[in-house]
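Student: I'd like to go through some structural labels with you and see what stands behind each one. Could we take them one at a time?

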Amino acid sequence: MEYNYEDVEKVINFSSWSEDKKIGELFRIDTYMYTNLGTESTKKEREDVTKKSKYIYRAISKINPSIGKHLISNMDS
């Protein structure tokens, strides 16, 4: 099953998944959002993906604070 942005909380709460599997799936969701942007995407659509991406990085912080911190700090720079 493929998960999407609406499933982020579900993914981080899977007790049977390893941390690596959870983080990998969150990265896949994040990548999928960015690959669906195109040259014709509006500024609002790009901003929405950026906000969703930051939410995903915060979710990653719940699993692995070190990785999440680096992702968020790089996003803000």
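Tutor: Gladly! Let's begin with the salt bridge: a side-chain nitrogen of Lys or Arg within 4 Å of a carboxyl oxygen of Asp or Glu. The model is a predicted one, where local features need pLDDT of at least 70 and side-chain atom pairs count only at pLDDT 80 or more, while totals for chains, interfaces and linings use all residues. Residues are numbered from 1 along each chain as its sequence is written, and side-chain values use heavy atoms, leaving out hydrogens and water.

Student: What makes Glu-9 and Lys-62 a salt bridge?

Tutor: Their N to O distance is 3.6 Å, and the limit is 4 Å, so the pair qualifies. This pair links distant parts of the chain, with Glu-9 in helix α1 (residues 8-12) and Lys-62 in helix α3 (residues 43-63), 53 residues apart. Helices here are DSSP runs (H or I, at least four residues), numbered from the N terminus.

Student: Why is Lys-62 called exposed?

Tutor: Buried means under 20% relative accessible area, exposed over 50%, and partly exposed in between (1.4 Å probe, protein chains only). Lys-62 has 59%, so Lys-62 is exposed. Its partner Glu-9 has 31%, and therefore counts as partly exposed.

Student: How many salt bridges does this rule give?

Tutor: The count is five. One of them joins Glu-25 to Arg-28, with the closest N and O atoms 2.8 Å apart. Both residues lie in helix α2 (residues 19-35), three residues apart, which is about one turn of the helix. Glu-2, Glu-25 and Arg-28 form one network through salt bridges that share partners.

Student: Is Glu-25 buried or exposed, and how do you know?

Tutor: Glu-25 has a relative accessible area of 12%, so Glu-25 is buried. Arg-28, at 26%, counts as partly exposed.

Student: Why are α3 and α4 called roughly antiparallel?

Tutor: α3 and helix α4 (residues 65-76) pack at about 155°, with axes 6 Å apart. Axes are lines fitted to C-alpha atoms, for helices over the stretch in contact, and angles run from 0 to 180 degrees between N-to-C directions. Angles under 35 degrees count as roughly parallel, over 145 as roughly antiparallel, 65 to 115 as roughly perpendicular and the rest as oblique. The angle of about 155° is over 145, so α3 and α4 are roughly antiparallel.

Student: Which residues make the contact?

Tutor: With contact meaning heavy atoms within 4.5 Å, they include Tyr-57 and Ile-60 of α3 and Leu-71 and Met-75 of α4.

Methods: Helix = DSSP H or I, 4+ residues; strand = E, 2+ residues; numbered from the N terminus.
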